[in-house]
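Colleague: I am new to this structure and would like to go through it with you step by step. Could we begin with one loop and then turn to the rings and the chain as a whole?

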Amino acid sequence: MTLDPVVLEWLQFAARWLHVITAIAWIGSSFYFIALDLGLRKTPDLPAGAHGEEWQVHGGGFYHIQKYLVAPERLPEHLTWFKWESYWTWVSGFILLALTYYLGAELYLVDPNKLDIPVWGAVVISIASLVLGWFAYDWICKSPLGRDNVQLMLLLFAILVGLCWVFMQVFSDRAAFLHLGAVVATWMSANVFLLIIPNQKIVVADLKAGRTPNAKYGQIAKQRSTHNNYLTLPVLFFMLSNHYPLSYSTQYSVAIAALVLLMGFTIRHFFNTMHSGGGRPYWTWGATAALFALAVFLSTFPPVTPSEDEADAAAGAPAQTTQVAALMSASDFDAITSIVTSRCAMCHAAEPGWDGMAHPPKGVMLETPEQIAAHARAIYLQSGRSHAMPPANLSYMEPQERRAIIAWYENALR
């Protein structure tokens, strides 16, 4: 499927906008209710069945909130559900995954130097990892291992680190981190869709029928909500990582992913302890800073240089796509190559020439004709259709050069 690059860019923007909006709503409500739950206080005048209450002030008014561990004696006339934020965060995220990584698989998803597979194969593996990842996680949680929350979290940590390593062998570095975040996000959203909300509906049905709801449904929902609480911050990191190659494309990226998971735990531990009245364990911030410093240190090690045999195989393995071949065979490609190498390659190089820049932005290198053709769409959008690059036009790209880029890209792909 081929879409006009301008249309595709705006579709990706719209999907990302929706994804950010719904994620803010979901994460905000999730963090609020975890803090509320941990801050509940028992008072002598609580209604029968109530676990605790809290008074809060916001927006010029006071709120009096009470929580029932199972359910009140009768169903309230008005009941607000919190679910669509979660559903639309996942749906918009999957749409963005498809628009960016499936439609742009040759550039962003597949890395023939790691695993030379067709685009359709990479897409199948991507979707299968989301589906099978959920079933594996759900099975573990429901197994005897899931009865001990500490043991369960340690096991899930090991599984996620192992999964990151597998993704790094299959996908591009950028896609590997993104998929680790997508798997965890699927766990979180499926927890809401398949367990938390259905269990709450069972309780509501029991109340309507005059039955006493079973407390186990609330306990299951509470466990999955706790998982979501501790996994939220790592997911945000993995989703943002595609903008920062030092996180996903260095020698110890898997170790960095493991450190991110630990940082998510230490940060949430501070807030959860504080909200539950257990004081302020400031040591967690020191631990987080130490973990972050270790991640920064690990990122200073460059990727492992392939052997001569591996380099020869990589050079001969990936065949040019029809689109790349058309761009490189265009009559004006030599002129475009000259423009890009003179205006862009000072930064987009294996060893950038710009002071203070250790790595090419987003890992994009534009030193060879093959690299320029592979990144043609980004060049067209950022240096042709817009003036985003070069930043502040520091390399003085001329208007006629931008017009030449537009003409080259559009004519070659007609």
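Modeller: Let us start with Y396, which has its place in the loop between α15 and α16. Please keep in mind that this is a predicted model.

Colleague: Is Y396 buried or exposed?

Modeller: Y396 has a positive phi of about 60° although this residue is not a glycine. Its relative accessibility is 60%, and since a residue above 50% is called exposed, the class that follows for Y396 at 60% is exposed.

Colleague: Which phi does A392 have?

Modeller: A392 is also placed in the loop between α15 and α16, and with a relative accessible area of 72% this residue is exposed. Although A392 is not a glycine, its phi is positive, at about 60°.

Colleague: Where does P390 lie, and what is the omega of the peptide bond from M389 to P390?

Modeller: P390 lies in the loop between α15, which covers 376-385, and α16, which covers 399-412. The peptide bond that leads from M389 to P390 is cis, and its omega is near -5°.

Colleague: Turning to the rings, how many aromatic pairs does the count come to?

Modeller: Two rings of Phe, Tyr or Trp are taken as a pair if their centres lie within 6.5 Å. By this rule, the number of aromatic pairs comes to 22.

Colleague: What kind of aromatic pair do W90 and F94 form?

Modeller: Both residues lie in helix α2, residues 84-102, and they are four residues apart, about one turn of the helix. Their rings are 5.4 Å apart from centre to centre, with 10° between the planes. Planes under 30 degrees apart count as stacked, and the pair of W90 and F94 is accordingly stacked.

Colleague: Which class of accessibility does W90 fall into?

Modeller: The class between buried and exposed runs from 20% to 50% relative accessible area. F94, at 26% relative accessibility, counts as partly exposed, and W90, at 30%, likewise counts as partly exposed.

Colleague: Why is the pair of F270 and Y282 tilted?

Modeller: Pairs are called stacked under 30 degrees and edge-to-face over 60, and the rest are tilted. The ring centres of F270 and Y282 are 5.6 Å apart and their planes stand at 45°, so this pair is tilted.

Colleague: How many residues apart in sequence are the parts that the pair of F270 and Y282 ties together?

Modeller: F270 is buried at 5% relative accessibility, whereas Y282 is exposed at 53%. Ring pairs link both of them with F271 and W285 into a cluster. Because F270 lies in helix α9 (residues 253-275) and Y282 in the loop between α9 and α10 (283-299), the pair ties together parts whose separation in residues is 12.

Colleague: Which ring does the charged end of R268 sit over?

Modeller: K83 lies over the face of W81, at 5.7 Å from the ring centre. The charged end of R268 is 4.0 Å from the centre of the ring over which it sits, and that ring belongs to F31.

Colleague: Finally, what percentage of the residues of the chain count as buried?

Modeller: The chain has 16 helices and two strands, and its C-alpha atoms fill a box of roughly 80 × 40 × 40 Å along the principal axes. Of its 414 residues, the share that count as buried is 42%.

Technical notes:
Residues are numbered from 1 along each chain as its sequence is written. This is a predicted model: local features need pLDDT of at least 70, side-chain atom pairs count only at pLDDT 80 or more; totals for chains, interfaces and linings use all residues. Side-chain values use heavy atoms; hydrogens and water are left out. Rings of Phe, Tyr and Trp (its six-membered ring) pair if their centres lie within 6.5 Å; planes under 30 degrees apart count as stacked, over 60 as edge-to-face and the rest as tilted. Buried means under 20% relative accessible area, exposed over 50%, partly exposed in between (1.4 Å probe, protein chains only). A charge sits over a ring if NZ of Lys or CZ of Arg is within 6 Å of the ring centre and within 35 degrees of the ring normal.
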